[in-house]
Amino acid sequence: MDSSRFDNVDDIDSRILQILAADPRAPYSEIAAKLEEAGYEMSTEGIRYRVSNLLEMTTVFFLLDPENVSWEIVRIAVEAVDEPGAKDATFDRLAEMRFWHVVRGIGTYDVYAVGMAPTLREIDELVTAIEEYEMVERVDHIVVTDRESNMDDYYMAPDSE
């Protein structure tokens with residue numbers, strides 16, 4: 001992926017993503033009409049081109065509402081021990097587990113994962129299993145009981161200043 005790609009997300013792209021977040025099946029003609037209301041006149045072919053480019057740099061990410069599912073949603077933050085390869089090993093181990101979203105990065109923890117289990121007991125077993133890995137220093141977790149997502153903030157175009 002081109003490292004400068006995010007620099008190419010402008011206000012039109014941001015608005016297209018907001019429209020698609022609200023209605024992923026919105027036809028290009030409807031997107032064109034909504035863009036025109038916002039002061040951007042574009043052909044459906046131009047919108048198709050932009051949507052194709054945006055799809056190349058995004059992922060489908062369906063966020064379940066915890067109140068509407070019978071399983072428990074858990075978010076786990078893991079700190080690896082301070083040894084060579086521990087962060088990679090922790091990431092690899094969690095990626096092999098039943099998590100549908102696993103990321104690593106730089107911050108207050110090393111690996112973050114989101115998954116589901118049918119019961120709180122199974123979540124406790126999952127957390128305990130992770131805590132027992134030799135490469136793990138600490139595990140924090142939260143069972144999601146409610147969430148609020150603001151896709152308008154997520155799809156905001158970077159400031160052009």
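**Note on strand 3 and its partners**

1. Start with one cross-strand pair: Arg75 sits opposite Val114 in strand 3. This is a predicted model, and the points below should be read with that in mind.

2. What does strand 1 share with strand 3, and in which sense do they run? Seven bridges join them. The two strands are antiparallel, with strand 1 spanning residues 72-80.

3. Val114 has a second partner to check. His101 also stands opposite Val114 in strand 3. Strand 2, residues 99-104, pairs with strand 3 over five bridges, again in the antiparallel sense.

4. How many residues lie between strand 2 and strand 3 in their hairpin? Six residues separate the two strands there.

5. Is strand 3 mostly covered or not? Six of its seven residues are buried, so to speak of residues 111-117 as mostly covered is fair under the cut-off of under 20% relative accessible area. As background, side chains in a regular strand alternate between the two faces of the sheet.

6. Now the whole chain. There are six helices and four strands. From the N terminus, the order is α-α-α-β-α-β-β-α-β-α.

7. What share of the 161 residues is buried? The figure is 30%. The accessible surface comes to about 11,000 Å². Carbon and sulfur atoms hold 48% of that surface.

8. Last, the contacts. Take those in the chain with a separation of 6 or more: 64% of them link residues 24 or more positions apart.

Methods:
Residues are numbered from 1 along each chain as its sequence is written. This is a predicted model: local features need pLDDT of at least 70, side-chain atom pairs count only at pLDDT 80 or more; totals for chains, interfaces and linings use all residues. Side-chain values use heavy atoms; hydrogens and water are left out. Buried means under 20% relative accessible area, exposed over 50%, partly exposed in between (1.4 Å probe, protein chains only). Contact means heavy atoms within 4.5 Å. Accessible areas come from the Shrake-Rupley method with a 1.4 Å probe; for residues, only the protein chains shown count as cover. Two strands pair if DSSP finds at least two bridges between them.
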